[in-house]
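Let us walk through the enclosed empty space in this protein. Keep the 3D view open and follow the linings.

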Amino acid sequence: MNRPRILCNGLRRLACSPAARRSYITKADIEGARQYCAKELEKGDYDAHLIRRFAHPAQDMYTALRALNLELLRLPDIVSNPTIGLMRIKFWQESIDKTFAGQPPREPICILLHQALLFMDQVADAASKKSIKFWIARLIRTREKHMDNRPFASLATLEDYAENTYSTMMYATLASLGLRSMDVDHLASHIGKACGIAAVLRGVPLLAAPPQPIKTPSGAAPPTREPALLLPLDIMAEEGVKEEEVFREGPSAPGLQDAIFKVATRANDHLITAREMLKRLRAGEDAGHDFEHEGEGAHVYDVEQESDRARDLHRGFRVLLEAAPATYFLERLEQANFDPFAVKPAGWRLPWRDMDRLYM
């Protein structure tokens, strides 16, 4: 008499087992996820959309990371209240955990990330996967911290933000190649900081403008985001920049272009440092200065293990291409006399002359 119940319980346990819950990902799912993420980058991060073409063999990892970054970056503009934003952050934290556990949700970014992790089995070890999870978790935490679009307290704080976002995505992409090199990570740190600072400067006109209503299933809802100016407060104070004047007068606000110049100079300094480092490394010299993040997070290196510096630089080259669009933007900003409102999206084309000057 108890057999049907025992059988039923057994089936229930089987249905609830991790193996049964594991979603089956088809080639069509992967291709669909790849196309979705690429399309999102084309619409929302055109620089990344073009760079991804050169990211082989880490293209899927690069695309998934940049699509995730774009999704997190958009949250303040697409959620109707901060609580929903925090819920979305929680969703992504849990989804990433499931993806690394081999059970990705049926969400395009997670499916593509899962595929990238499977590919890593051919080129990297378990430690590399662990470091990628660390970097992604840091990216999500940093985006959560800055969801309210508060100004950065100082230029150093802006650099920390860039390190924890753009540099961090570069570290994760390098790890997906099985590349563990302090020299290449050091270069990525400087380039990522330049990219992060350039992204903040590029966003000045967008965030200073009145936000658009939020689309919801029940219709348009009032925006929860107020106009924002993310320039470092110490630089704004030095140049006499006032948020209200920027919101009201735009590029004519007193001191704005001088403040933009100072912040852009710091981004350019990081690019110059990266160029000089690369010259020294290729000449067989040391980097010229210590890597300030050595020993932090996943920046742990086996100093006794011999590495082929030329090989590492060659393998990391595609990831270091992030410097090209940052350089191109800063040049256009300078041509506009450091007026970010005058730098129009130009359908950026890969400037081979810049890459030649930077890395070749």
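Start with the largest cavity of this predicted model. Its lining consists of Ser128, Ser131, Trp135, Tyr171, Leu174, Ala175, Leu179, Arg180, Asp185, Ala298, His299 and Tyr301. Two elements give two or more residues each to this lining: helix H8 (126–145) and helix H9 (155–176). The space inside the largest cavity is about 110 Å³.

What is the chemical make-up of the lining of the largest cavity, in nonpolar, polar and charged residues? The split is 7 nonpolar, 3 polar and 2 charged. Leu174 and Ala175 are among the nonpolar lining residues. Arg180 and Asp185 are the charged ones. Ser128, Ser131 and His299 count as polar.

How many cavities of 30 Å³ or more are there? The count is 2. A probe the size of a water molecule, rolled over the atoms, shows where empty space remains.

Now move to the second largest cavity. About 40 Å³ of space lies in it. Seen from the inside, the second largest cavity is lined by Tyr36, Glu40, Ala67, Leu70, Glu71, Arg74 and Ile109. Helix H3 (27–44) and helix H5 (59–78) are the elements that supply two or more residues to this lining. H5 gives the largest share, 4 residues.

The lining of the second largest cavity divides into 4 nonpolar and 3 charged residues, with no polar ones. Its charged members are Glu40, Glu71 and Arg74. Its nonpolar members are Tyr36, Ala67, Leu70 and Ile109.

Notes. Residues are numbered from 1 along each chain as its sequence is written. This is a predicted model: local features need pLDDT of at least 70, side-chain atom pairs count only at pLDDT 80 or more; totals for chains, interfaces and linings use all residues. Side-chain values use heavy atoms; hydrogens and water are left out. On a 1 Å grid over the protein atoms alone, a cavity is a set of points where a 1.4 Å probe fits but cannot get out, and a pocket is an open set with protein on both sides within 12 Å along at least five of seven lines; lining residues have an atom within 4 Å of a point. Grid points are joined across faces, edges and corners, and a volume is the space filled by probe spheres set on the points.
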